[in-house]
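Okay, everyone, thanks for coming. I'd like to walk you through a structure that's new to most of us, so let's get it up on the screen.

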Amino acid sequence: MFSAKGTASPSGARGCIECAATAARARPAPTNPQPPTTTSHPLRVAITGGGPGGLYAAALLKRLDPAREITVWERNAPDDTFGFGVVLSDETLGGIEHADPVVYEALQSHFTRWDDIDIVHRDTRQTSGGHGFAALGRKRLLEILHTRCHQLGVDLRFRSEAPPPDRLAETYDLVVAADGVHSTTREAYAHVFRPHVEEHHCRYIWLAADFAFASFRFEIAETEHGVMQLHGYPYAADASTVIVEMREEVWQAAGFAELDEPESVERCAKIFAEALGGRPLKSNKSAWTTFRTIVNERWSHGNVVLLGDAAHTAHFSIGSGTKLAVEDALALAACLAEHPSLERALAAYEQERKPVVASTQRAARASLEWFENLGLYLDQPPRQFAFNLLTRSRRVTHDNLRLRDAHFTETVERDFGCPPGTPPMFTPFRLRGLTLRNRVVVSPMDMYSATDGVPGDFHLVHLGARALGGAGLVMTEMVCVSPEGRITPGCAGLYTGKQGESWRRIVRFVHAQAPGTAIGVQLGHSGRKGSTKLMWEGIDEPLEDGNWPLVAPSPIPYKPYSQTPRELTRSQLTDIREQFTAAAWRAARAGFDLLELHCAHGYLLSGFLSPLTNRRTDAYGGSLEKRLRFPLEVFDAVRAVWPEERPMTVRISATDWAEGGTTAEDAVQIARAFAAHGADAVDVSTGQVVADEQPAYGRSYQTPYADRIRHATGLPVIAVGAISSWDDVNSLILAGRTDLCALARPHLYDPHWTLHAAAEQGYDGPGVVWPAPYRAGSRRPQTGRTDAPKPRLTLGS
């Protein structure tokens with residue numbers, strides 16, 4: 001909902017139509033299976049829906065080609081609108097300014113601007129500045145666009161239902177469906193657009209107040225029925241938008257389901273009387289509703305194209321609905337001007353906008369889920385709570401917030417315990433008898449480079465390099481507890497004395513050459529995912545020869561062509577538990593500082609936890625309590641031989657990303673069970689349990705699961721999953737969403753990732769130490785001259 005002054009929002013949306021051709025030429029030409037259905041530059045354009053997106057598309061298309069005949073159908077009257085204020089970013093305004101200065105100037109004269117965000121929780125207000133908002137009334141925005149469309153000669157038909165989409169497609173060159181969340185066009189062609197609609201867990205109502213908040217205001221109310229929140233911001237000198245939101249069960253318990261509109265409005269005003277200064281709230285055909293996220297696989301069909309909420313929605317808590325619709329209009333107009341055929345233009349529009357919208361929707365999902373789970377964070381210290389709220393969508397980060405409001409960020413750091421000049425990632429963290437000097441973990445990464453399970457020189461160099469690279473904790477790959485428990489013939493093990501001695505050599509090197517860096521071992525058994533080729537020869541593909549038999553909780557193959565495992569008997573369960581115990585004993589003798597039990601990613605112990613892979617009917621299957629039984633037995637056996645002062649963690653898959661699998665709430669219960677048996681932390685990963693999973697990938701996409709487990713159980717967590725920048729690590733740590741961050745691919749790209757993170761932040765303290773031989777490289781090398789003399793004369797020919 002906000003972007004820093006003078007900085008570009010990360011959405012990456014197009015700014016101006018005039019530079020669109022250059023950008024388009026840099027992209028590969030898109031392909032579209034739909035045949036061309038009309039001329040390259042449509043002259044007759046039908047637009048269904050007279051909201052900001054449809055109106056702005058009409059104005060742009062008419063301005064670019066005055067010969068166009070453009071008709072807009074809007075079922076409501078010109079002055080009907082069901083919202084109040086609209087927030088637009090500086091980036092969106094820049095695009096409007098270049099594309100249509102007339103509209104831009106009209107908007108500028110009506111904007112209300114402010115910088116601050118106030119967060120009020122438990123009678124404490126925290127203020128963060130430098131955020132740069134601009135808002136105006138939705139009705140005023142529509143009036144400006146109506147005027148502009150009339151000036152340009154667009155045919156606006158109010159109180160008129162548009163003809164059916166198929167009839168419009170037959171009689172117009174182009175049909176732009178800007179008919180909103182309940183788009184009839186999208187539904188008419190649902191078999192082509194393939195929409196996915198997801199309803200969320202909160203109810204909200206859109207209201208207004210007859211005064212202007214001094215800032216963007218978030219107010220938290222803890223009532224006898226549950227937590228409620230107010231989102232408020234000014235949009236005129238004497239008016240503010242007010243949104244009241246709460247989870248469905250809170251809404252029901254508070255009796256809002258039985259109240260009519262005036263009663264609901266009055267009740268909301270009483271609950272948030274302090275924020276409103278005792279003033280009333282007003283409504284405009286306001287109704288309680290649940291937010292629906294809409295995603296379409298395709299955005300165009302022949303000469304019909306979706307725009308705005310018809311194509312996609314983004315939760316109001318990041319304020320991007322109108323912004324996205326306006327940017328859609330800019331991109332559509334630009335693509336129509338750039339490309340020689342309608343087919344290519346619509347394909348280019350979709351290709352350009354989809355990634356931008358997907359990124360915004362990921363941020364919006366993170367934001368809405370944060371508010372859905374607001375109750376988890378209520379006991380955070382006030383400033384950390386505010387920082388957590390401000391960074392909830394991952395669009396605003398620690399470094400970005402420091403640019404906006406250095407004083408606020410420094411106070412959060414001080415409360416957290418950061419010494420002056422110390423980024424959060426370089427603060428120490430204690431697990432049992434082990435103190436890590438920083439919060440960075442080199443995540444376990446299978447190398448498939450062992451011979452007969454013995455780690456060799458490759459492992460010494462691989463793990464040694466990353467230990468020298470400054471991380472607080474370096475983890476081995478999954479080390480297998482038996483030959484049959486390997487994933488591939490190249491997997492490392494700890495089931496022989498020779499393997500134990502080889503690991504001891506590696507541990508000695510880390511302790512001697514990278515003092516202060518801890519090294520941990522991850523123990524696991526492949527289960528049904530074993531006896532496969534090396535990753536680069538065919539991931540999860542069975543060996544062509546030399547296979548070994550597989551075992552699992554239930555006889556279910558991982559993939560249709562995978563080997564079917566045998567269901568483990570009681571005696572085999574005992575044998576495997578003893579294999580884990582023997583491996584843990586060897587790990588202790590090798591000198592590892594920490595042991596992690598691998599109960600994730602569909603391997604053996606994970607296979608017991610998931611209902612999709614555990615179909616047993618004995619004491620080890622059925623309810624979650626029973627599915628936990630064997631992993632807990634193994635944990636207890638390992639903990640019994642693992643030295644008391646050394647910590648033990650567990651890696652879990654917090655969701656299977658598949659219907660009927662492990663859920664986020666299951667993950668909380670699993671974490672609680674391991675904590676009760678003595679786990680010192682939970683390493684929270686997701687998925688890889690079933691082959692038909694559908695993960696929601698994105699930046700830091702797994703961290704919400706770690707966040708939830710941490711706040712629901714109080715257990716320390718390690719967050720993993722597409723955490724790639726030191727800014728992300730600082731943000732997650734300082735917000736209290738995790739205690740440690742594990743990074744895999746960044747450490748493959750740069751073994752000295754942590755040292756370089758320190759150098760880039762100007763940090764030189766106890767949280768990271770450059771090895772003496774590398775100290776000369778602790779400053780970024782110069783990359784070339786930047787002070788070349790500038791030309792002083794321009795000579796004619």
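Let's start with a pair of strands: S9 and S16, which covers residues 304–306, are parallel to each other and joined by 3 bridges. If you want one spot to look at, find Val175 in S9, whose bridge partner in S16 is Val304. I should say right away that this is a predicted model, so everything I tell you is computed from that prediction.

S9 has another neighbour, too. Strand S1, residues 44–48, runs parallel to S9, with 4 bridges between them. And which residue of S9 is the bridge partner of Ala46? That's Val175 again. So where do the side chains of S9 go? S9 takes in residues 174–177, and Leu174 and Val176 point one way while Val175 and Ala177 point the other way. Buried or exposed, those four? All of them are buried.

Now on to some antiparallel pairing. Look for strand S10, residues 195–209. S10 is joined by 7 bridges to strand S14, residues 289–296, and the two run antiparallel. Glu199 is a good place to look here, because it has Arg292 of S14 opposite it. S10 also pairs with strand S13, residues 239–247, again in the antiparallel sense, and there we have 8 bridges. For that pairing, look at Ala209, which stands opposite Ser240 in S13.

Okay, let's zoom out for a second. How many helices and strands does the protein chain have? The count is 28 helices and 28 strands. The radius of gyration is 29 Å, close to the 28 Å from the globule rule for 797 residues, so the chain is as compact as a globular protein of that length. If you boxed up the C-alpha atoms along the principal axes, you'd need roughly 85 × 80 × 60 Å. Of the 797 residues, 59% count as buried. Then there are the contacts: take those between residues at least 6 apart in sequence, and 73% of them join residues at least 24 apart. As for the outside, the accessible surface is about 31,900 Å², and 51% of that belongs to carbon and sulfur atoms.

Back to the details, with a couple of residues in helices. Asp328 sits in helix H12, residues 321–338. Would you call Asp328 buried or exposed? Its relative accessible area is 0%, and buried means under 20%, so Asp328 is buried. Who does Asp328 touch? Leaving out residues up to four places away in sequence, the list is Trp299, Leu307, Gly308, His312, Tyr349, Arg353 and Val357.

Compare that with Pro355, which is in helix H13, residues 342–372. Pro355 has 49% relative accessibility, so it counts as partly exposed. From Pro355 to Ser562 you'd go 207 residues along the sequence, and C-alpha to C-alpha they are 35 Å apart in space.

Next, a stretch that has a label. There's an unreviewed UniProt entry that annotates residues 425–758 as "domain: NADH:flavin oxidoreductase/NADH oxidase N-terminal". In the model, that span is 37% helix and 16% strand, and its end C-alpha atoms lie 9 Å apart.

Now find the loop between strand S19, residues 440–442, and helix H17, residues 457–468, where you'll see Tyr448. Tyr448 isn't a glycine, and yet its phi is positive, about 50 degrees. Asp452 lies in the loop between S19 and H17 as well, and its phi is also positive, near 55 degrees, again in a residue other than glycine. What about burial? Tyr448 is buried, with a relative accessible area of 11%, whereas Asp452 counts as exposed, at 60% relative accessibility.

Last stop: helix H20, residues 570–590. H20 has 21 residues and reaches 31 Å from its first C-alpha to its last, close to the expected 30 Å. Its buried residues include Leu573, Ile576, Phe580 and several alanines, among them Ala583 and Ala584. And what do the buried residues of H20 pack against? Among their partners are helix H18, strand S21, strand S24 and helix H23. Right after H20 comes Gly591, with a positive phi near 95 degrees.

That's my tour, so over to you.

Definitions and conventions. Residues numbered from 1 in each chain as written. Predicted model: local features only at pLDDT ≥ 70, side-chain atom pairs only at ≥ 80, totals over all residues. Heavy atoms only, no water. Buried < 20%, exposed > 50% of the residue type's maximum accessible area, 1.4 Å probe, protein only. Expected span 1.5 Å × (residues − 1). Contact = heavy atoms within 4.5 Å. UniProt positions renumbered as here; feature names shortened; annotations may be inferred. Rg over C-alpha atoms; globule rule 2.2 N^0.38 Å. Areas by Shrake-Rupley, 256 points an atom, 1.4 Å probe, with all protein chains shown as cover.
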